[in-house]
Amino acid sequence: MSDDSFQRDVLDELGDDRLQEIADALGTDTTAAAAVVGTSVSTLSGELQDAAEAPGQAGEVREALGELTEPPLQGAVTLGGGLGGGLMAGVLARLARPAAAAVAKRTGMPVATVGKAFELLIPVVLTVLSRRAANRRSAGASPGAPGASGTGVGDVLGDLLGGGRRKP
């Protein structure tokens, strides 16, 4: 799971205006919206780590992480745009549905309402993941796609999500 620093980074990236948008979508105040954001980020992080371990999804997650952790090609135009999140955006969007259902169950809010909050959160989570991947590269983390040089998907996800390697 992600740690508090990942949740804080997402909240910081959201800022007051977008947090208010989420509060409006949820029909609540910003304090309650911030709590839902924290739960949502934690749940989405868990879904991402579960997908990384699932035989049918691990390859897609590995490829999406490789897209984030590899330096962009110089002078090349990518489908992911400036965030480098083409594949990861798709992975997060797909995982948002089960994550929203889990958050709705925990909070008692309707799934459709929580889903609206996730629609606002996904681009922010992608921005934070992309920024952390860039910081990881500039800090000298081993380059290459997850799995290269002994770096597993779980290790890379742990680094990006801030919670270290997820324990089985």
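Two residues are in contact when heavy atoms of theirs lie within 4.5 Å. With that in hand, Ala34 touches Leu11 and Leu19, once its neighbours within four places in sequence are set aside. The model you are looking at is predicted. Its chain holds six helices and zero strands, and this briefing walks through the chain, two helix pairs and three residues.

**The whole chain**

- Following the sequence from start to end, you meet the pattern α-α-α-α-α-α.
- The chain has 168 residues, and 41% of them are buried.
- Take the contacts between residues at least 6 apart in sequence: 72% of these join residues at least 24 apart.
- The accessible surface adds up to about 8400 Å², and carbon and sulfur atoms account for 54% of that surface.

**Helix 3 and helix 4**

- Two packed helices are described by the angle between their axes and the distance between the axes.
- Helix 3 covers residues 58–69 and helix 4 covers residues 86–107; their axes come within 7 Å and cross at roughly 135 degrees.
- Angles over 145 degrees count as roughly antiparallel and 65 to 115 as roughly perpendicular, so helix 3 and helix 4 are oblique to each other.
- The crossing of helix 3 past helix 4 is left-handed.
- On the helix 3 side, the contact is made by Glu60, Val61, Glu63, Ala64, Leu65, Glu67 and Leu68, while helix 4 brings Gly86, Leu87, Met88, Val91 and Arg94.
- Sorted by type, the residues of this contact between helix 3 and helix 4 are seven nonpolar, one polar and four charged.

**Helix 4 and helix 5**

- Helix 5 spans residues 111–138, and its axis comes within 8 Å of the axis of helix 4, with a crossing at roughly 135 degrees.
- That angle makes helix 4 oblique to helix 5.
- Here helix 4 passes helix 5 in a right-handed crossing.
- From helix 4, the residues making the contact include Met88, Ala89, Leu92, Ala93 and Ala96; from helix 5, they include Val111, Val114, Gly115, Phe118 and Ile122.
- The contact of helix 4 with helix 5 is made up of 17 nonpolar residues, two polar ones and no charged ones.

**Met88, a residue to find in helix 4**

- Is Met88 of helix 4 buried or exposed? Buried means under 20% relative accessible area, and Met88 has 0%, so Met88 is buried.
- Which residues does Met88 touch, not counting those up to four places away in sequence? They are Leu48, Ala64, Leu65, Glu67, Leu68, Leu126 and Leu129.
- Met88 takes part in the contact of helix 3 with helix 4, and Met88 also appears in the contact of helix 4 with helix 5.
- Although Met88 and Ser130 are 42 residues apart in sequence, their C-alpha atoms are 9.5 Å apart in space.

**Ala34 and Arg131, two partly exposed residues**

- Ala34 sits in helix 2, which runs over residues 30–53.
- With a relative accessible area of 22%, Ala34 is partly exposed.
- Leu19 and Ala34 are 15 residues apart along the chain, and 7.1 Å separates their C-alpha atoms.
- Arg131 belongs to helix 5.
- The relative accessibility of Arg131 is 42%, and Arg131 too counts as partly exposed.
- Arg131 and Thr69 are 62 residues apart in sequence, yet 9.9 Å apart in space from C-alpha to C-alpha.

Conventions
Residues are numbered from 1 along each chain as its sequence is written. This is a predicted model: local features need pLDDT of at least 70, side-chain atom pairs count only at pLDDT 80 or more; totals for chains, interfaces and linings use all residues. Side-chain values use heavy atoms; hydrogens and water are left out. Helices (H or I, at least four residues) and strands (E, at least two) are DSSP runs, numbered from the N terminus. Buried means under 20% relative accessible area, exposed over 50%, partly exposed in between (1.4 Å probe, protein chains only). Accessible areas come from the Shrake-Rupley method with a 1.4 Å probe; for residues, only the protein chains shown count as cover. Axes are lines fitted to C-alpha atoms, for helices over the stretch in contact, and angles run from 0 to 180 degrees between N-to-C directions. Angles under 35 degrees count as roughly parallel, over 145 as roughly antiparallel, 65 to 115 as roughly perpendicular and the rest as oblique. A crossing is left-handed if the near helix is turned anticlockwise from the far one by less than a right angle, and right-handed if clockwise. Ala, Val, Leu, Ile, Met, Phe, Trp, Tyr, Cys and Pro count as nonpolar, Asp, Glu, Lys and Arg as charged, and the others, Gly among them, as polar.
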